[in-house]
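Here is a friendly walk through one model, a few places at a time. Keep the viewer open and follow along.

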Amino acid sequence: MIDQLKLDRATLRRLQLKELESLYYFDEFCRRNGLTYFLLGGCVIGAVRHGGFIPWDDDIDIIMPRRHYDKMLRLWKEQEDERRFVMLWPDGKTITHNPFATLVDTSVTLIKDNQKDLDIPRGIVTDIFPMDGCPDSKIKRYLQYYHAMIYSLFSTEVIPSKHGALIRNMSKLLLSLFKKPSSRARIYQKAERKMSKYDFDTHTYCTELCAGPHYMKNRYPAEAFSSPLYHEFEGFSAPIPKGYDVYLRTAFGDYMQLPPKEKQVPHHDLYQLDLDTPFSDHL
């Protein structure tokens, strides 16, 4: 067991380099199928500011326009039988405590603390988010946000703990009223259809509806994500949004400014990590 806050730099670097293998595999899959994706969040900051990972970052995040995201999931089921790389997403049966797809490299063992009790494939996880169109109407935007919150609650079955007592208590009540997995799946699948009905290609703005209550409130010019700009990331030519500056400033403010030392730490709580052994060998 390794407390991730105490990961030494050498182990963190090994983890980062291993994560690149998932990126290479996913990139090849997308190129083969004509799918568009972009690095997201800290990976974009890392590419622009460091030419690779932020030194203390511990994962890779990816985002895709909803049309490409949905097509990716469909094609993955049809084409992929690779046992090392497994794609998980809320499909009516799978619960990962994430409202988005995750690519799992099962050649090593990595278990996050919030997933330690789940019966799912274990390994290094790459998070893959959809990007949706954002309506101009304030009422429609409010309803989109509402449906995104419902989708997130019922697809993850996680009660928000950092967004106030009202949201926390309402979430507990809703989950208590709908306990059957089939009922919860119907609710979040309906909510997903409603929140994602605004086409990315035909709206002026876009938004991240699966990235948590804070980020789903952001909206970005869709033009910023209209095409990829290829930028060095650990010696790899990786796609970032062509409008990365407006995206990063909206999401993070002055992204070129380093955070204080006390915040230069990995942000995921790990329960178990073994970069030399698959989880199946631990059973």
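Which helix gives the most to the lining of the second largest pocket? Helix 3 does, with 4 residues. Please keep in mind throughout that this is a predicted model.

## The second largest pocket

Let us stay with this pocket for a moment. Its volume comes to about 220 Å³. The lining is made up of 13 residues, and those closest to the centre of the pocket are Asp70, Leu73, Trp89, Pro90 and Glu192.

Helix 3 spans 66–79 and helix 6 spans 181–195, and each of these two helices supplies at least two residues of the lining. Sorted by character, the lining of this pocket has 6 nonpolar residues, 3 polar ones and 4 charged ones.

## Thr96 and His97, between strands 3 and 4

Next, please move to the loop that runs between strand 3 (85–88) and strand 4 (101–105), where you will find Thr96. Is Thr96 buried or exposed? Thr96 counts as buried, because its relative accessibility is 3%, and the cut-off for buried is under 20%. Leaving aside residues up to four places away in sequence, Thr96 touches Leu88, Gln115, Leu118 and Ile120.

The side chain of Thr96 also has a polar atom 3.2 Å from the backbone nitrogen of Asn98. In space, the C-alpha of Thr96 is 8.6 Å from the C-alpha of Ser155, although 59 residues separate the two in sequence. The loop between strand 3 and strand 4 holds His97 as well. His97 is not a glycine, yet its phi is positive, at about 70°.

## Glu234, between strands 9 and 10

A positive phi turns up again at Glu234, a residue other than glycine, with a value near 55°. Glu234 sits in the loop between strand 9 (228–233) and strand 10 (236–241). With a relative accessible area of 23%, Glu234 is partly exposed.

What does Glu234 touch, not counting residues up to four places away in sequence? The list is Arg13, Leu20, Tyr24, Gly51, Gly52 and Phe53. For Phe53, the backbone nitrogen lies 2.9 Å from a polar atom of the Glu234 side chain. Ala47 offers another view across the chain: its C-alpha and that of Glu234 are separated by 8.1 Å, while the two residues are 187 residues apart along the chain.

## His268, between helix 7 and strand 11

Further along the chain, His268 has its place in the loop between helix 7 (244–252) and strand 11 (270–274). His268 is buried, because its relative accessible area of 17% falls under the 20% cut-off.

The side chain of His268 makes a polar contact with the side chain of Asp58, at 3.1 Å. If you measure from C-alpha to C-alpha, His268 and Asn114 are 9.6 Å apart in space, with their positions 154 residues apart in sequence.

## Cysteines

How many disulfides does the structure hold? The number is 0. Take Cys30, which is in no disulfide: the nearest cysteine sulfur belongs to Cys43 and is 14 Å away. Cys30 is buried, with a relative accessible area of 1%.

Cys206 is in no disulfide either, and here the nearest cysteine sulfur is that of Cys134, 8.0 Å away. That separation cannot count as a disulfide, because the two sulfur atoms would have to be within 2.5 Å. Cys206 also counts as buried, at 0% relative accessibility.

Methods: Residues numbered from 1 in each chain as written. Predicted model: local features only at pLDDT ≥ 70, side-chain atom pairs only at ≥ 80, totals over all residues. Heavy atoms only, no water. Buried < 20%, exposed > 50% of the residue type's maximum accessible area, 1.4 Å probe, protein only. Polar contact = N/O pair within 3.5 Å; in protein donor to acceptor, adjacent residues only side chain to side chain. Contact = heavy atoms within 4.5 Å. 1 Å grid on protein atoms, 1.4 Å probe; cavity = no way out; pocket = protein on both sides within 12 Å on 5 of 7 lines; lining within 4 Å. Points joined across faces, edges and corners; volume = space filled by probe spheres on them. Nonpolar A, V, L, I, M, F, W, Y, C, P; charged D, E, K, R; others polar.
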